[in-house]
There are 2 protein chains.
Amino acid sequence: METTVDVPSGLPAAVPTPRPGDPRLARLSLNQATVKRWSLAEAVEGCLRAGVPAIGPWREPVAEMGLAAAARLLRDSGLRVSSYCRAGFLTGTDRAAALDDNRRAIDEAAELGAPSLVMVVGGLQEGDRDLAGARGRVVDALAELVPYAAERGVRLGLEPLHPMFCADRAVLSTLGQALDIAERFASEAVGVVVDSYHVWWDPQVRAQIARAGERIVIYQACDWVLPIPADPLLGRGMVGDGYADVGGLRRAVDAAGYTGDIEVEIFNADVWAADGDAVIATVARRHVQYVV
Amino acid sequence: METTVDVPSGLPAAVPTPRPGDPRLARLSLNQATVKRWSLAEAVEGCLRAGVPAIGPWREPVAEMGLAAAARLLRDSGLRVSSYCRAGFLTGTDRAAALDDNRRAIDEAAELGAPSLVMVVGGLQEGDRDLAGARGRVVDALAELVPYAAERGVRLGLEPLHPMFCADRAVLSTLGQALDIAERFASEAVGVVVDSYHVWWDPQVRAQIARAGERIVIYQACDWVLPIPADPLLGRGMVGDGYADVGGLRRAVDAAGYTGDIEVEIFNADVWAADGDAVIATVARRHVQYVV
C-alpha cells in the first residue's frame, strides 16, 4: 500500500508519491543520514524500492559493513554514489591524526566510487578566539590533502556550515569564504558543497552560487525549521516544512551549470524515529513538490 | 564589600573590580537588558554606584516609568545615553502599524536624548520563503522612516542579527548587507550597529567594519557561548566566557574611527537571575580584562 502521510508531520501528503522511473526523481539522492537507523544495505534497498537513483553514504555505516563489501554492494545496486560523508575537522590540536584520518576517508571514497568527499572543516578549541588562525589551519591542512585526493580521483567538497556552528563544527561559514579557499586549488581537486540549510539566509548566496559554477560538487537539500531544538544539530527539517527556498536555490545551482544530484540530508529526531520507507516516500514527494 | 566573584559563573574574579572614575571605564555603557529585572531608576543607580558612565535604555522600562520622567531621570543622572533599544520589525503584514510604532520609538529616542535608535528589522512570516521580498520591504519601510527620524535628530542603527535569527527576527544577517542598505541614506541619518555576538563569525567582518567607518552608531559587546539554550535568544554570554573576540572587534571599530560607547548587552537567564550590582561588577571587570 502506498504511503499517504508525510513524516515527521503525519499529515496527509499534498501530492502523490512519485513511482520508480518517474523522470522527476532522476536527480534525487538519499543522503544516508536521513535514514540514520538503517544499515547501508537497508538504505540501498530502500532507494531501489522507491526509485531513488542515487545515495550519499556515510563513513560509519560503511565501516560497519566493511569497505570492500560496501563498495561491491553500491556497485551491484546500480545506484549512483552522489557524495561521501564526511571528513575534515582540521582545526584541532592533533594535526597529524586529523590528516591521517582524512587520507583514510579519501581512500574509502575512491574505493566506493564516490565523486567527492564532503569536508566539515572543524571549529574552535574551547577558549580559542583566534578565528583567523583556525581558518588558516584549514587552508594549510588542505594543501597537504589535495594532492593525495587528486591522485585518487576524489574531489574534496568544502562545506560551509551555518554560522550557528562556527564555534564548534566549522569555521567555514559562507559559500564565498569556501570559494576563496577552494580557488587556491584546481577546480577538479577542490569544490564546494551547497547545502540549502546552511546557506539559505546568506544575502550573497545567489551571487556566490553563480561564482561557484563548476566548483559545485553537490547540492544538498534540507529546510530551516523552527524552533531550534535543544541539540541544534538536529534542527533540520523536511523540505517544505520551513523557511529555506530549496527550489529557488536548486534553480540557482542549475543556472550556474550544475547538473548533478540533489541529495536530501536531514538530521532530525522525528525523521529518524519514523519508518524508513515512509521517510523516503516523503522525501520523494517533497522533491517533486518543492525542488524539481 | 567589593564583589569578588563573577556572575553567572560564581568563580573568583580574575581581575579587581575597577573603581568609579577608573579611566578604563570611560567608554563603558550598560545596556539595560543586561539587568532585565531592574527598573530604569534601579539601572541608573546601579551605573552610578559602579562608575559606569553610560546606559542604553529599552522602550518597555521607559514606558513603565513614563517617557517624561525617564527623560528627566536620565538627564539629571549625568549618564550618557548610548543608544535606545529597540524598534524595527518592518517585515510583517501590518505595515502601517509597524511604521506608527517606529515613529513613536523615534519620538521617544529624541525626547530621551538618545543619539540612535537600534533597529531589528524583523523576520519572515511563517511559510514565507521570499527572503529577497522581505529584505525589500525593510528598505521600503526605512525610506518612509528616515526623514521622520532625521528631522528629530535620531540616527537609525541597522542591526544585523546572527543568521540563526534570520527566519524569525531579522532578515538582516551581515554587516555588509546592513551597510548596503544604510548607504542608500545619508550617514547622519542611518548607520549600523556592530554587536560582537551577532557578527563575530563573519569572515568579512573586519573588512566590513573598516568600510562602515562613521556609519557605526554603537558597538555592543557580548560573547558567543555554548551550548545554545532551549531559547536561543538567551544564549548570550558575559564577555570572556565564549568564542567571540570582543576585544579584537573593539580595536577594529576603533581603527575604523569609532570613538563611542562600548555597550554591554547580555540576554542570559543566569545573568538575569543574579544580583544586579554583581552583574555590573562582572561587566566592568570583563571590560577591563578583555575589551579595553
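A:Asn102 touches A:Ala87, A:Gly88, A:Leu90, A:Leu117, A:Met119 and A:Leu145, leaving aside residues up to four places away in sequence. This is a predicted model, and A:Asn102 is a good place to start reading it. The residue sits in helix α4 of chain A, and its relative accessible area of 0% puts it under the 20% cut-off, so A:Asn102 counts as buried. From there, the tour below goes to helix α4 of chain B, to some backbone features, and then to the contact between the two chains.

**Around A:Asn102**
- A polar atom of the A:Asn102 side chain lies 2.8 Å from the backbone nitrogen of A:Gly88.
- A:Gly88 is also one of the residues that A:Asn102 touches, as are A:Ala87 and A:Leu90.

**Helix α4 of chain B**
- Helix α4 of chain B runs over residues 95-112, which makes 18 residues.
- How far apart should the ends of this helix be at 1.5 Å a residue? The expected span is 26 Å, and the end C-alpha atoms are indeed 26 Å apart, so the two values agree.
- The buried residues of this helix are B:Ala98, B:Leu99, B:Asn102, B:Ala105, B:Ile106, B:Glu108, B:Ala109 and B:Leu112.
- Among them are B:Asn102 and B:Glu108, listed alongside residues such as B:Leu99 and B:Ile106.
- After the helix comes B:Gly113, with a positive phi near 75 degrees.

**Backbone features to look at**
- Most residues other than glycine have a negative phi, and most peptide bonds are trans.
- A:Phe89 is not a glycine, yet its phi is positive, at about 50 degrees.
- You will find A:Phe89 in the loop between β4 and α4 (95-112) of chain A.
- Is A:Phe89 buried or partly exposed? Its relative accessible area is 32%, which lies between the 20% and 50% cut-offs, so A:Phe89 is partly exposed.
- In chain B, B:Phe89 likewise has a positive phi of about 50 degrees without being a glycine.
- B:Phe89 belongs to the loop between β4 (84-88) and α4 of chain B, and at 33% relative accessibility it counts as partly exposed.
- The peptide bond joining A:Cys85 and A:Arg86 is cis, with omega about 15 degrees; A:Arg86 is part of strand β4 (residues 84-88) of chain A.
- A cis bond also leads from A:Val7 to A:Pro8, where omega is near 5 degrees; A:Pro8 lies in the segment before β1 (28-31) of chain A.

**Where the two chains meet**
- The size of an interface is often given as the accessible area lost when the parts come together.
- Here, chain A and chain B bury about 2,500 Å² between them, and 65% of that is on carbon and sulfur atoms.
- Which three residues supply the biggest part of what chain A buries against chain B, more than any other three? They are A:Arg129, A:Trp201 and A:Tyr243, with 27% of that area.
- The contact draws 34 residues from chain A and 34 residues from chain B.
- How many salt bridges are there between chain A and chain B? The count is 0, while 8 residue pairs are in polar contact, both at pLDDT 80 or more.
- On the side of chain A that touches chain B, the elements giving two or more residues are α5 (131-151) and β9 (223-224) of chain A.
- By class, that side of chain A has 17 nonpolar, 8 polar and 9 charged residues.

Key
Residues numbered from 1 in each chain as written. Chains lettered and ligands numbered in written order. Predicted model: local features only at pLDDT ≥ 70, side-chain atom pairs only at ≥ 80, totals over all residues. Heavy atoms only, no water. Contact = heavy atoms within 4.5 Å. Buried area = accessible area lost by both parts, 1.4 Å probe. Salt bridge = Lys/Arg side-chain N within 4 Å of Asp/Glu carboxyl O. Polar contact = N/O pair within 3.5 Å; in protein donor to acceptor, adjacent residues only side chain to side chain. Helix = DSSP H or I, 4+ residues; strand = E, 2+ residues; numbered from the N terminus. Nonpolar A, V, L, I, M, F, W, Y, C, P; charged D, E, K, R; others polar. Expected span 1.5 Å × (residues − 1). Buried < 20%, exposed > 50% of the residue type's maximum accessible area, 1.4 Å probe, protein only.
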